Amino acid sequence: MSADAHAPKSHAPKSHATNSPASDAQPATSLSAAPGRPDASPSASLAQPGALPPLRFGYGTNGLADLRLDDALSLLADLGYDGVGLTLDHMHLDPLAPELTARTRRIAHRLDALGLGVTIETGARYVLDPRRKHGPSLLDPDPDDRARRAGLLVRAVRVAADLGAHAVHCFSGVVPEGTDTDTAWKRLAETLTPVLDAAASAGIPLAVEPEPGHLLATLADFHHLRGALGDPEPLGLTLDIGHCQCLEPLSPADCVRSAAPWLRHVQIEDMRRGVHEHLPFGDGEIDFPPVLAALAATGYQGLAVVELPRHSHAGPHFATHSLPFLRHAERTAATAPPAAAPALQQAAPPHGAPSTTPEGSSTG
C-alpha cells in the first residue's frame, strides 16, 4: 500500500494552499533497520530537487480544548491551515454522546465549507474513564475493558469514514503493572484485530503511534506489531516528529525516510533529546527544514498536525505562530542542499522509558 494511497477526500478549495503532488517522483530508499515487506517498494517517492510538493499542515484540537469545536475550526481556516487533527473528546464531537451520526454529519458540512481536511485522533485523556488517564487501554488486563477501547476505535473509524478523514490515529498504552511484555504484545494484537477489520471495511487506515513510555514506543516496535499481525493492509503508522527527537536512534529526518512506506499520519512539534515534552517550535532542538524536506520528498499527502496539548490554555496564540514557522521552514528546505548520510543521535533513555515529563504515560 502506497503512502499516498489514502489521500484525503476532496474538500472545498482554498485560495491560500496548493496540494498538487510532484509528477516526476522516483522511489525512496528505506533506512529502517526492520525489513520491509518483500513486495513493497517505499510507498512514497523522492521528488527531484526544486520540485517538492507543498505539505499540508493542520493543528490538533487537543491543543484548542478551551474553544468550542466550531470556533476552533473557524480559527484554523482563518489562519490558513489545511486541516485539523480532531481528537474525539467530551468537548469536541463526543464519541459517546447521543446522535453521533447527526453531529458528525454537521461537522462534515462545516469542514467542507471551510475547506479543511481532517484526521481523527483518539488520544483523549479521560474520554472512557474519568479517573484513569488514557484508560482503559488496549493492554488492560480486563478483557471487557480492552473491548471498550477497541469499541471506541471502531467508532472512530466510522466517524473518520463519514468525515472523509485520511486516517485514524491510536496508540498501544502503557504496560499494566504485573503484565509481562509477551502477554502485552499478545493482547495488543488480539484487541486491534476487530479495529483493523473495521478499518479495512471503511477504507480508512489505522495509524498507530509510537509513544514514549508505552509498549509500542519506537519505529522498531511498530515493525514488531506489523509482523505479529501479518502485515495487514489497513495498519499504518503515525509518526510524531518530536518523539523521533526524544527517543529514536536516527535523526527525525531519517526517521521520516525510514517510515515512508507505512506513513499514514504525522504529528509535529519541537522536543528535546530524552525528554518527552511537547514544545512550541523553537523551544526544542529539532532542525525542521531537513525534516520537512524529507517529508515532502516521500510524497506524503496527509496532514502534518501540530501537537501541543499542554498549551491549550493559549491555543489561539500557538496556532497563530506555528503555521508561519512551518511555512518558513518549508521554504528554507526547498533551497537547502539534500542531506547526505543518515545522522545518528546521541543515546536516549532506555527503550520506551518515560522521561521526567511523561506526556504519553498514564501518570503524566
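**Entry 1. Burial and helix H7**

I take a residue as buried when its relative accessible area is under 20%, as exposed when that area is over 50%, and as partly exposed in between. The model I examined is a predicted one.

With that cut-off I turned to helix H7, which spans residues 252-259. I found Pro252, Ala253, Asp254, Cys255, Val256, Ser258 and Ala259 to be buried. Seven of the eight residues of H7 are therefore buried, and the helix is largely enclosed by the rest of the structure.

I then asked what covers the buried residues of H7. The cover includes three helices, H5 (219-228), H6 (241-247) and H8 (288-297), together with strands E8 (235-240) and E9 (263-268).

**Entry 2. The chain as a whole**

I looked up the overall figures next. The protein chain holds nine helices and 12 strands. Of its 364 residues, 58% are buried. I noted an accessible surface of about 14,700 Å², with 54% of it belonging to carbon and sulfur atoms.

For contacts, I considered pairs with a separation of 6 or more; residues 24 or more positions apart account for 79% of these.

**Entry 3. Salt bridges around helix H3**

I searched the whole structure for salt bridges and recorded 10. Side chains of opposite charge can pair when their charged atoms come close.

One of the bridges joins the side chains of Arg132 and Asp145, at 3.5 Å from N to O. Arg132 lies in the loop between strand E5 (117-121) and helix H3 (143-163), whereas Asp145 belongs to H3 itself, so the pair ties together parts that are 13 residues apart in sequence. I checked the accessibility of both partners. Arg132 is partly exposed at 33%, while Asp145 is buried at 16%.

Asp145 also forms a salt bridge with Arg148, where the closest N and O atoms are 3.5 Å apart. Both residues lie in H3, three residues from each other, and are thus separated by about one helical turn. I recorded a relative accessible area of 35% for Arg148, which makes this residue partly exposed.

**Entry 4. A further bridge, and a network**

I noted a salt bridge between the side chains of Asp231 and Arg226, at 3.4 Å from N to O. Here the acidic partner, Asp231, is partly exposed at 22%, and the basic partner, Arg226, is buried at 6%.

Which residues are joined into one network by salt bridges that share partners? I found Asp129, Arg132, Asp140, Asp145 and Arg148 in that network.

**Entry 5. Backbone geometry**

I looked next for unusual torsions. Most residues other than glycine have a negative phi, and most peptide bonds are trans.

I found a cis peptide bond between Gly135 and Pro136, with omega at about -10 degrees. Pro136 is placed in the loop between E5 and H3.

His134 also lies in the loop between E5 and H3. Its phi is near 60 degrees, a positive value in a residue other than glycine. I recorded His134 as buried, with a relative accessible area of 12%.

I noted a positive phi at Leu93 as well, near 50 degrees. Leu93 sits in the loop between strand E4 (83-87) and helix H2 (100-114). With a relative accessible area of 8%, Leu93 is buried.

**Entry 6. The second largest pocket**

I examined the second largest pocket and recorded a volume of about 390 Å³. Which residues of its lining lie nearest its centre? They are Asn62, Gly123, Arg125, His134 and Pro309, out of 29 lining residues. His134 thus returns here, having been noted above for its positive phi.

I sorted the lining by residue class: 13 residues are polar, nine are charged and seven are nonpolar.

**Entry 7. A pair distant in sequence**

I returned to helix H3 for Ala161, which lies in this helix. Ala161 is partly exposed, at 25% relative accessibility. How far apart in space are Ala161 and Ala202? I recorded 6.2 Å from C-alpha to C-alpha, with their positions 41 residues apart in sequence.

Terms used. Residues are numbered from 1 along each chain as its sequence is written. This is a predicted model: local features need pLDDT of at least 70, side-chain atom pairs count only at pLDDT 80 or more; totals for chains, interfaces and linings use all residues. Side-chain values use heavy atoms; hydrogens and water are left out. Helices (H or I, at least four residues) and strands (E, at least two) are DSSP runs, numbered from the N terminus. Buried means under 20% relative accessible area, exposed over 50%, partly exposed in between (1.4 Å probe, protein chains only). Contact means heavy atoms within 4.5 Å. Accessible areas come from the Shrake-Rupley method with a 1.4 Å probe; for residues, only the protein chains shown count as cover. A salt bridge is a side-chain nitrogen of Lys or Arg within 4 Å of a carboxyl oxygen of Asp or Glu. On a 1 Å grid over the protein atoms alone, a cavity is a set of points where a 1.4 Å probe fits but cannot get out, and a pocket is an open set with protein on both sides within 12 Å along at least five of seven lines; lining residues have an atom within 4 Å of a point. Grid points are joined across faces, edges and corners, and a volume is the space filled by probe spheres set on the points. Ala, Val, Leu, Ile, Met, Phe, Trp, Tyr, Cys and Pro count as nonpolar, Asp, Glu, Lys and Arg as charged, and the others, Gly among them, as polar.
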